[in-house]
Amino acid sequence: MPELRENEQKTLLALEKLKGRAPVNQIIQISGLAHAAVMRAVLSLTENKLIVTYEQKQTLVSLSEEGNYHATNGLPERRLLNSLAKLGGEAKVNSVVEEAGLEKKFLSVALGWLNRKGWATIKQGTLKSLKEPSLGEEEKLLQLLTKKSALIVEELSPELQKSFSVLKRRKLVEIEEKTLRELELTDDGWTLVKKGITIQEEISQLTPELIRTGNWRNVKLRRFDVTAPGPVSYPGKIHPVQQIIQQVKEIFLEMGFTEIRGDMVETAFWNFDALFQPQDHPARDMVDTFYLSKPNQGKLPEKAVVDAVAKTHENGWITGSRGWEYFWSPEEAKRLVLRTHTTATTIRYLTEHKEPPVKVFSVDRVYRNEKLDYKHLAEFHQIEGIIMDRKVTLRDLMGTLKEFYQKLGLEKVQFWPSYFPYTEPSLQSTVYVPELKTWVELCGMGIFRPEVLAPLGVKHPVLAWGGGLERLILLKLGIEDIRLLYKNDLGWIRRTPVCQR
Ligand code: PHE
């Protein structure tokens with residue numbers, strides 16, 4: 001038999017005082033120990049077969065807000081019946097309702113129950129009472145609940161239990177499940193307490209004082225079982241999405257990039273036109289893009305830039321391209337949108353920073369008029385970056401992306417030819433996710449076309465890429481439904497570890 005600790009001794013003594021069997025809360029009262037201390041003692045006492053524990057489910061029932069209202073004012077069917085009696089047992093529904101002062105929202109419920117309980121009939125708008133019933137079981141339970149505030153369903157009489165089900169269906173009560181734990185001394189436990197337990201105080205902290213005076217030799221030091229389960233604690237922590245945003249930002253910074261941010265509301269000019277997306281491009285459609293209705297227009301940049309963009313769209317201007325061959329409308333370009341991609345932010349930045357080198361990134365919010373499902377949100381984040389320098393090439397772009405992914409723990413990367421109106425060549429990158437055993441698309445990229453750079457007066461090649469952040473987060477956290485990220489599901493947030501692989 002291992003030596004008992006102070007809390008175990010106190011628990012046993014309390015149990016002896018309570019005649020060998022008692023619920024945990026009584027043990028707490030008698031012993032003066034905290035709940036956690038008793039539960040820890042229970043663990044080792046059970047292991048040493050000195051006590052056994054019994055668990056019993058308890059359903060606590062109390063009045064809901066509506067239940068409380070009816071408990072004071074009477075059930076709506078009872079109120080109608082009482083008023084009907086006052087009106088002589090037969091009357092138009094309207095006048096009964098008025099007499100009872102019954103709220104409109106309770107009317108159909110009240111009529112339903114009058115009929116169901118066989119208290120009255122209703123024919124052509126006239127109520128006729130059939131009996132004058134005494135207090136029903138449900139009403140008794142309601143009364144009981146106003147007096148007691150909470151009752152244990154398992155302890156109610158069978159009749160009251162039936163009424164409880166009715167009240168539950170009518171949403172007049174709220175329930176809470178609890179587990180009641182009872183402890184009982186075993187024969188071994190009894191033998192031990194009969195022999196007598198003298199409580200020996202234990203020291204749980206070895207102080208300098210105890211050491212200096214040599215007193216530690218005389219006291220009993222509490223032994224700690226470091227393998228015993230402790231209470232779970234949920235300290236405050238950073239939301240998983242924000243953690244990964246931080247990680248991505250750190251990676252960019254490590255790689256020598258500077259962070260930029262831009263406005264969520266942009267003119268169509270920066271979101272589309274400056275990026276050589278024709279004004280009838282399907283992405284501009286209301287179906288894909290949120291347009292602002294108030295205000296609905298923004299400012300265009302200086303005239304020279306606007307004219308150059310206009311000409312490039314119409315006939316290619318000096319870029320050697322034929323353009324899109326339509327009449328470009330400044331009005332369309334002034335429209336305000338919730339930016340659909342952060343390329344609007346990088347292109348704006350580029351216009352103001354034409355001297356090489358430029359190496360910037362953004363991790364920011366974008367908006368698309370999507371139907372929400374497990375794969376799509378209307379508001380999400382994009383990772384975006386550009387590099388502008390004298391002699392940068394497609395190889396530099398692929399190398400940079402590869403390094404970026406590697407730092408995120410994604411080793412295998414592939415590049416595929418792709419298409420964007422603003423880059424040429426354009427690529428799509430896919431990464432291999434070992435856990436899923438599949439390749440997943442992450443970023444689109446390319447080198448900005450002359451049709452984009454010339455009107456802005458940018459003279460050097462610009463490598464650009466961008467992609468959704470949430471998809472990356474799903475991969476890293478191993479979840480399938482994107483909506484979970486923003487549901488504020490406390491359980492999920494708590495379970496998600498702070499340290500990702
Ligand atoms: N803007 C593109 C998107 O939203 C990504 C992209 C950025 C592609 C930069 C090429 C260059 O998917």
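**Exercise 1.** How many positive and negative side chains does the chain have, and how far apart do the centres of the two sets lie?

*Solution.* The model is a predicted one. Its chain carries 71 positive and 65 negative side chains. The centres of these two sets are 3 Å apart.

**Exercise 2.** Determine whether the chain is a compact globule or more spread out.

*Solution.* Begin with the secondary structure: 20 helices and 18 strands. For 501 residues the globule rule gives 23 Å, whereas the radius of gyration is 37 Å, well over that value, so the chain is more spread out than a compact globule. Along the principal axes, the C-alpha atoms fill a box of roughly 100 × 95 × 40 Å. Of the 501 residues, 44% count as buried.

**Exercise 3.** Classify the ring pair of Phe252 and Phe361, and locate both residues.

*Solution.* The ring centres are 4.4 Å apart and the planes meet at 10 degrees. Planes under 30 degrees apart count as stacked, so this pair is stacked. Phe252 belongs to helix H12 (residues 240–254) and Phe361 to strand S13 (residues 358–367), so the pair ties together parts 109 residues apart in sequence. Both Phe252 and Phe361 are buried.

**Exercise 4.** Classify the aromatic pair of Tyr422 and Phe448, and locate both residues.

*Solution.* The centre-to-centre distance is 6.5 Å, with 55 degrees between the planes, and the pair is tilted. Tyr422 sits in the loop between strand S15 (413–420) and strand S16 (423–433), while Phe448 is in strand S17 (residues 438–448), 26 residues apart. Tyr422 and Phe448 are both buried.

Terms used
Residues are numbered from 1 along each chain as its sequence is written. This is a predicted model: local features need pLDDT of at least 70, side-chain atom pairs count only at pLDDT 80 or more; totals for chains, interfaces and linings use all residues. Side-chain values use heavy atoms; hydrogens and water are left out. Helices (H or I, at least four residues) and strands (E, at least two) are DSSP runs, numbered from the N terminus. The radius of gyration is taken over C-alpha atoms; the globule rule is 2.2 Å times the number of residues to the power 0.38. Buried means under 20% relative accessible area, exposed over 50%, partly exposed in between (1.4 Å probe, protein chains only). Lys and Arg count as positive and Asp and Glu as negative; His and the chain ends are not counted. The place of a charge is taken as NZ of Lys, CZ of Arg, CG of Asp or CD of Glu. Rings of Phe, Tyr and Trp (its six-membered ring) pair if their centres lie within 6.5 Å; planes under 30 degrees apart count as stacked, over 60 as edge-to-face and the rest as tilted.
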